[in-house]
Amino acid sequence: MANTVRVSNLSEMTTEDQVTALFGEVGQVKSVKMVTNDDGRSVGAAFVELCNQVEVDKAIHLLHGKQYDRQTIEVTPA
């Protein structure tokens, strides 16, 4: 997926809107897809599509290792 990052180690309670707001601080979010199990519950990961590679690089640089909702999140290229 072009211009997409994977964010992991999110709290299972983190919502799509919260992820959108977090990544909106570093760029324009085109879409967020939460990863869920068969029951529809979050597994603590999401894919975030940003507008361009510059925003992807910025998100990785600024958000990887950040404390969010009492978790240390990981942001990597998708």
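Okay, let's start with a definition: two strands pair if DSSP finds at least two bridges between them. Strands themselves are DSSP runs of E with at least two residues, helices are runs of H or I with at least four, and both are numbered from the N terminus.

With that in hand, look at β2 and β3: they run antiparallel, joined by 7 bridges. Before I go on, this is a predicted model, where local features need pLDDT of at least 70 and side-chain atom pairs count only at pLDDT 80 or more, while totals for chains, interfaces and linings use all residues. Residues are numbered from 1 along each chain as its sequence is written, and side-chain values use heavy atoms, with hydrogens and water left out.

So, the sheet. It's an open one with 4 strands, in the order β2-β3-β1-β6, and the pairing is antiparallel. At the edges sit β2, residues 29–36, and β6, residues 74–77, each pairing on one side only. On average, neighbouring strands here are turned by 25° against each other, ignoring direction. For angles, axes are lines fitted to C-alpha atoms, for helices over the stretch in contact, and values run from 0 to 180 degrees between N-to-C directions.

Over at β6, the partner strand is β1, residues 4–8, antiparallel again, with 4 bridges. One of the pairs there is V7 with V75 in β6.

Now the helices. Helix α1, residues 16–24, lies across β1, β2, β3 and β6, and runs at about 140° to β2. Helix α2, residues 53–63, packs on the sheet too, touching β1, β3 and β6, with its direction at about 150° to that of β6. Touching means contact, that is, heavy atoms within 4.5 Å.

Let's zoom in on the β2–β3 hairpin. There are 5 residues between the strands, and G40 takes a positive phi near 85°.

Two residues here are worth a look. Is R41, in the loop between β2 and β3, buried or exposed? R41 counts as exposed, at 54% relative accessibility; the cut-offs are under 20% relative accessible area for buried, over 50% for exposed, and partly exposed in between, with a 1.4 Å probe and protein chains only. Leaving out residues up to four places away in sequence, R41 touches V35 and T36.

S42, in strand β3, is buried, with a relative accessible area of 14%. Opposite S42 stands T36. With the same sequence neighbours left out, S42 touches S11, E12, M34, V35 and T36. And a polar atom of the S42 side chain lies 3.0 Å from the backbone nitrogen of G44.

Definitions and conventions
Polar contact = N/O pair within 3.5 Å; in protein donor to acceptor, adjacent residues only side chain to side chain.
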